[in-house]
Amino acid sequence: MLADVASAETRRATWLRRWWAGAALALFAATWKLWTPQTEFPQVPLFGWAGSLPLACDRIALGVWLGSLASSAWWPDSRRSWIMVAASLLMLMVLDQHRLQPWAWQLFLMAIVWLAARSDESPERTARLLRVLTISIYFWSAVSKVDSEFFVSHGPTLVVALFGAVGIDVTQWPAFRGWFAVCLPLGELLVAIGLCWRRTRRCGLIAAIGLHVGLLLALGPLGLGHRPGVLIWNVAFIGHVWLLFGTSSFVVPPSRGVTPSSENRWKV
């Protein structure tokens, strides 16, 4: 039974790595101008010495990054591929700090977690670290919205776009827009809390997926019409939380009559 569970967790970890390799390639396709050497928008090196590096370094790092992502999508368990993903992505961000996109920073941290895991280590321990990282993203996203600018401007705009995407006009309901704007960071905070423990994880997972579906409606072509990169990242996050927190066919159900201890039910 334990061997079956370990095998299921290994498959889950493999699919998570494959999912993010493919998602990163899709995100690159949507934001390719940011990652190629260009003069349309000024590049700002992260460190002064990086500005004196030849342009070839940028092109080589980009080629290595794309090649290693493609390799990781095909061979997701290859440590060599993920070493190259992390190293080349770090180099690209050092050469231009505009590339410190949230999804790129998240991918880099995840690659470091995967590389730090020992070959004989249980994939469940690595999954716990990734869950903590994911929960921290939801938590910080909620905390960062607690300011007057969001509640007065950005929040109500999101509310109007969200309801407008499903054919409901709330522009004449200022009080409703204000209260619903307050609920947005509160919802993210509840997602973070719900994902913290196994007992509340199913509710947290459903809420997280609903949150991203709502963002796709509000930010998509039916709403504010944001750039494709924002939409792809939300799609990537839906698959991410499902593979990391969901109970799917990857996990073998416990034997009849065996119940997890209360300690396991409350573990991250």
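**Through an all-helix model**

A kink of about 25° sits in helix α9, centred on G204. This is a predicted model, and α9 is a useful way in. The helix holds 22 residues. From first C-alpha to last, α9 reaches 31 Å, close to the 32 Å expected at 1.5 Å a residue. The kink residue G204 is itself among the buried residues of α9. The others are R201, L205, A208, L211, H212, G214, A218 and L219. Their cover includes α6, α7, α8 and α10.

R202 also belongs to α9. Is R202 buried or exposed? R202 has a relative accessibility of 59%, so it counts as exposed; the cut-off for that class is over 50%. Its neighbour in the chain, R201, is listed as buried. R202 also gives a long link along the chain. F245 lies 43 residues away in sequence, yet the two C-alpha atoms are 8.0 Å apart in space.

Now step back to the whole chain. It has 11 helices and zero strands. Read from the N terminus, the order of elements is α-α-α-α-α-α-α-α-α-α-α. The chain has 268 residues, and 39% of them count as buried. How far along the sequence do the contacts reach? Take contacts between residues at least 6 apart in sequence: 73% of these join residues at least 24 apart.

Helix α7 covers residues 148–165. Why does its length agree with expectation? At 1.5 Å a residue, its 18 residues should span 26 Å, and the end C-alpha atoms are 25 Å apart, so the two agree. The helix still bends. A kink of about 40° lies at H154, shortly before the proline P156. P156 is buried, as is G155. Also buried in α7 are F150, L158, V159, A161, L162, F163 and A165. The cover over these buried residues includes α8 (174–194) and α9 (198–219). Recall that α7 is in turn among the helices that cover the buried residues of α9.

One residue of α8 can be placed against α7. V182 lies in α8. With a relative accessible area of 36%, V182 is partly exposed. Its C-alpha is separated by 8.9 Å from that of F150, with the two positions 32 residues apart along the chain. F150 is one of the buried residues of α7.

Helix α6 (residues 123–144) has 22 residues. Its ends are 32 Å apart, C-alpha to C-alpha, close to the 32 Å expected at 1.5 Å a residue. Its buried residues are E124, T126, A127, L130, R131, L133, T134, I135, Y138, S141 and A142. E124 and R131 are thus found on that list, and both count as charged by residue class.

Next come two helix pairs. Two packed helices are described by the angle between their axes and the distance between the axes. Helix α3 (residues 55–74) and helix α4 (residues 79–95) pack at an angle of about 145°, with axes 8 Å apart. The crossing of α3 past α4 is left-handed. On the α3 side, the contact is made by C57, D58, A61, L62, V64, W65, S68, L69, S71 and S72. On the α4 side stand S81, W82, M84, V85, S88, L89, M91, L92 and L95. By class, this contact has 13 nonpolar, five polar and one charged residues.

S68 shows this contact at the scale of one residue. It lies in α3. Is S68 buried or exposed? Its relative accessibility is 6%, so S68 counts as buried. Leaving aside residues up to four places away in sequence, S68 touches S81, M84, V85 and S88. The C-alpha of S68 is 8.6 Å from that of I83, 15 residues away along the chain.

The second pair is α5 (residues 102–116) with α10 (residues 228–245). Their axes come within 11 Å and cross at roughly 30°. This crossing, too, is left-handed. Which residues meet? P102, W103, Q106 and M110 of α5 meet W233, F237 and H240 of α10. By class, the contact has five nonpolar, two polar and no charged residues. Helix α10 also leads back to the start, being among the elements that cover the buried residues of α9.

Terms used
Residues numbered from 1 in each chain as written. Predicted model: local features only at pLDDT ≥ 70, side-chain atom pairs only at ≥ 80, totals over all residues. Heavy atoms only, no water. Axes fitted to C-alpha atoms, helices over the stretch in contact; angles between N-to-C directions. Helix = DSSP H or I, 4+ residues; strand = E, 2+ residues; numbered from the N terminus. Left-handed = near helix turned anticlockwise from the far one by under 90°. Contact = heavy atoms within 4.5 Å. Expected span 1.5 Å × (residues − 1). Bend = angle between axes of the 7 residues up to and from the residue. Buried < 20%, exposed > 50% of the residue type's maximum accessible area, 1.4 Å probe, protein only.
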